[in-house]
Amino acid sequence: MASSCWGLPALLCDAPELSGSALRQMRRSIDTGFRDIVREASPVIDAATAPLQKFLNGLESLFVNTPWIVVFAVLIAVAYAASRSWRIALGTAAALLAIGWFGLWQDTMITLSMVTVCTLVAVIIGLPIGILAARSDRAQGIITPILDVMQTLPSFVYLIPVVVIFGIGKVPGMIAVVIYATPPMIRLTNLGIRLVDREVIEAADAFGSSNRQKLWNVQLPLSLPTLMTGVNQTIMMSLSMVVVASMVGVGGLGKNVLQAINNQFFTMGFLNGFALVAIAIAFDRASQAYGKRLQRHAGATDE
């Protein structure tokens, strides 16, 4: 023992740890208590998540049941309106046609509805928290470590408490995606507002603007390109988390990828992965182009 421990005393050879029985008792107590709390709060949890469930189901039904040509035209129009680039619009059209050609249209629409809802929820949650962090150094000091934990904690770990609290289904998957996708929105909102030129803020103060007027008329408009980058990153994070969320009952492309992994179906996994990548590239190019347009507009306004 001594030779394998560099000649140190036995007390220093092994790291101090709880006994096996004490560790089992601690885990049993925490798990039992957590389940009891969830069981008592389940009516409140169900009532709180019911609107999200209805909204998600309604949007999914709209995407899936609307004739494909209508959805196709709307998506191309949105891509062009955001980017003002026929190249991006044509690229989006080619990607959507390829997705439909390989029989992945319905699964893609399910994934799009999930990503749309998750992005909206993440923006609604992240924007005010980012504003709070930008307006208060103390709030930023509290929020930043929480964001660090949310971004470094393995994504699979999110699923454990979510499944225990909400069970299996679309809403638990959506909540896991939102937890994963919200930090970029908070960070970039905070950064964008803090990067607004000090002289502009002083000018607003000189004109007697209130804090609310400075926020809505000065800080948010000038930080809009950075906010759009936050939306872009939120969309990318949502798409990357969809595959993991499929483990708790989320359908769409993520479910197909998971089945391909379990059954070693290379072609199936590749095609569904291609569909996810195509959607991600289309969203990324359109949102980045929109952010650059806002940046140019802001520069022209400043001049």
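**Notes on a predicted all-helix model**

1. Let's start on the outside. F34, V149, L153, V157, I160 and V164 make up a nonpolar patch on the surface, and together they offer about 460 Å² of accessible area. Keep in mind as you look that this is a predicted model.

2. Where does the largest share of the nonpolar patch come from? Helix α6, which covers residues 155-166, supplies three residues of the patch. I160 is a good one to click on: I160 sits in helix α6, and its relative accessible area is 55%. That makes I160 exposed, because the cut-off for exposed is over 50%.

3. Now zoom out to the fold. The protein has twelve helices and zero strands. So if you read the elements from the N terminus on, you just get α again and again: α-α-α-α-α-α-α-α-α-α-α-α. As for dimensions, the C-alpha trace spans about 75 × 60 × 50 Å along its principal axes.

4. How much of the protein is buried? Of the 303 residues, 39% are buried. The accessible surface adds up to about 17,500 Å², and carbon and sulfur atoms account for 65% of that surface.

5. Have a look at the contacts as well. Taking those with a separation of 6 or more, 77% are between residues 24 or more positions apart.

6. On to charges. The protein carries 21 positive and 17 negative charges, and the mean positions of the two groups are 5 Å apart. Side chains of opposite charge can pair when their charged atoms come close. How many salt bridges does the structure hold? The count is six, and three of them are walked through below, starting with R39 and D36.

7. R39 and D36 form a salt bridge whose closest N and O atoms are 2.8 Å apart. Both residues belong to helix α1 (residues 20-65), where they are three residues apart, or about one turn of the helix. Are these two buried or exposed? R39 is exposed, at 54% relative accessible area, while D36 is partly exposed at 31%.

8. The salt bridge between E60 and K170 has an N to O distance of 3.0 Å. This pair ties together distant parts of the chain: E60 is in helix α1 and K170 is in helix α7 (residues 170-194), with their positions 110 residues apart in the numbering. E60 has a relative accessibility of 15%, so E60 counts as buried, the cut-off being under 20%. K170, at 25%, counts as partly exposed.

9. D148 and R187 also meet in a salt bridge, at 2.5 Å from N to O. Again, distant parts of the chain are linked: D148 comes from helix α5 (residues 137-152) and R187 from helix α7, 39 residues apart. Which class do these two fall into? D148 is partly exposed with 35% relative accessible area, and R187 is partly exposed too, at 29%.

10. A quick tour for your own viewing: find R39 and D36 in helix α1, then go from E60 in helix α1 to K170 in helix α7. Stay on helix α7 for R187 and cross to D148 in helix α5. Finish at I160 in helix α6, back on the nonpolar patch where these notes began.

How values were computed. Residues are numbered from 1 along each chain as its sequence is written. This is a predicted model: local features need pLDDT of at least 70, side-chain atom pairs count only at pLDDT 80 or more; totals for chains, interfaces and linings use all residues. Side-chain values use heavy atoms; hydrogens and water are left out. A salt bridge is a side-chain nitrogen of Lys or Arg within 4 Å of a carboxyl oxygen of Asp or Glu. Helices (H or I, at least four residues) and strands (E, at least two) are DSSP runs, numbered from the N terminus. Buried means under 20% relative accessible area, exposed over 50%, partly exposed in between (1.4 Å probe, protein chains only). Contact means heavy atoms within 4.5 Å. Accessible areas come from the Shrake-Rupley method with a 1.4 Å probe; for residues, only the protein chains shown count as cover. Lys and Arg count as positive and Asp and Glu as negative; His and the chain ends are not counted. The place of a charge is taken as NZ of Lys, CZ of Arg, CG of Asp or CD of Glu. Patches are made of residues with over 30% relative accessible area and no salt bridge: like charges are joined within 9 Å, nonpolar side chains (Val, Leu, Ile, Met, Phe, Trp, Tyr) within 5 Å.
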